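Please work through this model with me, beginning with one chain and ending with a single residue. I should like each term explained as it arises.

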Amino acid sequence: MNPEKVLYAFTIVLAMTLNFGFFFGEINEPSHHHVYELYAAIFVNIVATILKFGDRTQIGAVLLASSLVSIIQLVGAAVVWGIAMYVSDTGMTDSIMASIVSLSGGALLANLVSVVLLVIETVTLKR
Amino acid sequence: MNMVLFLILRRMRAPLLALSLVYSVATLGLTIIPGMDDQGNPWHMDFFHAFYFVSFMGTTIGFGEIPYPFTDAQRLWALVFIYITVATWIYAIGTVLSLLQNETLRRAGTEYQFRQSVRSLREPFFVICGYGDSGGRLVDSLERRNIHAVVVEIRQERIDALILGDYTMQIPRLCGDASDPQNLILAGIESPFCAGVVALTDQNQVNLHIAITSRVLNPDAKVICRAEAHYIEANMASFGTDCIIDPFDTFAQRLSLALDNPCLFLLDSMLRDNPGWSTLEAANVAEGRWVLCGYGRLGEAIHKIFAKKGVDVTVVEPYLDRVGGLANYVIGLGTEAHTLNEANIAGAVGVVAGTDNDSNNLSIIVTAKEINPDLFTVVRQSNHFNRRLFEKAEVNIVMASSTVVASKIKTLLVNPMVDDFLSLAHAQSEEWADALNHRLNDLTPDDRPPVIWELSIIEQDAHALVTALDRELSIKLQYLLADHTDRSNELSTIALLHDSNDGSFILPSGETTLEWGDRLLFVGTGQSRSMMAWTLQNETALEYVMNGTVAPQSTLGKLLFAN
């Protein structure tokens, strides 16, 4: 058992579950989507990306790419949230919430890809 | 480069994880800890402001407590995390700095740089292994003629000397062992632009290894090697090394030429070494006995040449086992008068100081001259730094092995036709050589060394000429030697060799007709070279030197001046 692989599997699955938790609910209903969950999803995704730094394998490169995609989507969602709340005068509306959640939905897809790749890698390991 | 990047990223994992962990905990804490707004109502900091605060706190910029003054609980949290974030930053920056210091990484970095600069060479280049005295001279002269060189040298201080050298071209260099094929591959030995490999290291075995490596990896590249032992030379020759240079044999041959045909020797030195050559004079040597001090590799080579010519030689050598088999020897260094007297220096015509110690050699020459001022002196110079001493010592011939090797290779690489010319010239008489020496001397009135260059009659080098040949005009050599601004003047240029389908002709006359693909060797001033380039490339200039007039070029001109 490789502790590095365990840590990575843990992180990427956690990233996906947190992301799912934030994403789950009515798309335009602010009370269904908690900011702490988004925050935790961003943090865990960053950790998952850093863990793939310097991985020279092909699958490692693809995992790094998909984590980067989910970070971009989630940070995008956070930036939209911050701008809506503090920069523009609109405050939180249904449509802004919907776009935040759909951004996180994209990130969830990227996380899903990561997890699928991880499963494939594990299955191909003949040990 | 990939390896370097991966290494950096891998090493940066821990500090980056630490940084993101500390930042996220600090931000999270600020959003959880209750605060108070300006009206005294309970208030929770949002992520936006929390992250903003943590960002400037972590980098110790410190814009203050925003948006509202902190409660003591928030201050306590900030107090703890100021120290934690600063410590984490120091850890991260320290890791980056130690990565930059890392020897493996720096080595990988310089190798990467080297490979990139070799790859970016899009012109023929030579790989020079060994940047010692002769390697340095070779790189100098290649660079002066705008030919690219790539240097592989094992000693860092020589690489430093190369970096500090005053070169206008960038010379890629690698500090590494040239006997490692990996380093030669890095140096671009497999590149289609690699024109040749020159092995000039101090080690015979390394030179041999370089020769065989280049033969295997790039059979098209010229391989030129220095070798100082005959069995190594035989080995190199066995797999087709293009040129093997033994500095001692080469010098012995040159010495023999100097003694037999002083004028030819002078011509040879002028064309090979290209010094400010009005200072050179052909020296005639009387027939008689020679004293040879030092019977090492050089001494042996010279002794062999003398024996072939039937010249009497007295050898002076401190080690009996080296000279035991010779007919005529004296045991001793030769630096003291009594040893030289024992060798009867007073009755000799010449002395060769051929030990491997420069100060001993100088001492031999000075002592011998005191006893017999009429001696012809030949001295071996091992160390490049003693150049000035030997220049001042009024010696007839100085043999510096680095110069001998460098000038021979230089001719081979830069002007291979000079070698053809000289081998043809060796069949000529002394008077012929003397006359040519005088013509060469008169070429350049000042001390500026003349330029030697080769010309191939091909489209790229002689556009106008090739166009004229296509129109079936007969081109004579004298056209090229005429001044294109006033054709009654001749350029200060001598055509040395004409290489055509019918064979090679030495000192071709002006009436020689040129054909496509012919090659010519010229010597002359730098100015005359650029003047000739005009005639070669510009159709109007060529027309003028051929006919003395220029036909109108424009449509209007043709109408007006048609006759």
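The dialogue below takes up the fold of one chain, a helix pair, a chain contact and one residue.

Q: On what basis should the model be read?
A: This is a predicted model, in which local features need pLDDT of at least 70, side-chain atom pairs count only at pLDDT 80 or more, and totals for chains, interfaces and linings use all residues. Residues are numbered from 1 along each chain as its sequence is written, while chains are lettered from A and ligands numbered from 1 in the order in which they are written.

Q: How many helices and strands does chain A have?
A: Helices (H or I, at least four residues) and strands (E, at least two) are DSSP runs, numbered from the N terminus. Chain A has 4 helices and 0 strands, and its elements run α-α-α-α from the N terminus on.

Q: What percentage of chain A is buried?
A: A residue is buried if 20 or more other C-beta atoms, placed from the backbone, lie within 10 Å of its own, exposed if 12 or fewer, and partly exposed in between. Of the 127 residues in chain A, 35% are buried.

Q: At what angle do H2(A) and H3(A) pack?
A: Axes are lines fitted to C-alpha atoms, for helices over the stretch in contact, and angles run from 0 to 180 degrees between N-to-C directions. For H2(A) and H3(A) the angle is about 155°, with the axes 9 Å apart. The two helices are therefore roughly antiparallel to each other, a term for angles over 145 degrees.

Q: How do the residues of the contact of H2(A) with H3(A) divide?
A: Two residues are in contact if their C-beta atoms, placed from the backbone, lie within 7 Å. Among those making this contact are Leu38(A) and Ile42(A) of H2(A), and Leu68(A) and Ile71(A) of H3(A). The division is 12 nonpolar (Ala, Val, Leu, Ile, Met, Phe, Trp, Tyr, Cys and Pro), 4 polar (those neither nonpolar nor charged, Gly among them) and no charged (Asp, Glu, Lys and Arg).

Q: How many residues does each chain give to the contact between chain A and chain B?
A: Chain A gives 13 residues and chain B gives 13 residues. On the side of chain A, helix H2 (35-51) and helix H3 (58-87) each give two or more, and the largest share, 7 residues, comes from H2(A). That side divides into 10 nonpolar, 2 polar and 1 charged.

Q: Where is Arg215(B) placed, and with which residues is Arg215(B) in contact?
A: Arg215(B) is in helix H8 (residues 204-217) of chain B. Arg215(B) counts as partly exposed because it has 17 C-beta neighbours inside 10 Å. Leaving aside neighbours within four places in sequence, Arg215(B) is in contact with Val223(B), Phe239(B) and Gly240(B).

Conventions
Angles under 35 degrees count as roughly parallel, over 145 as roughly antiparallel, 65 to 115 as roughly perpendicular and the rest as oblique.
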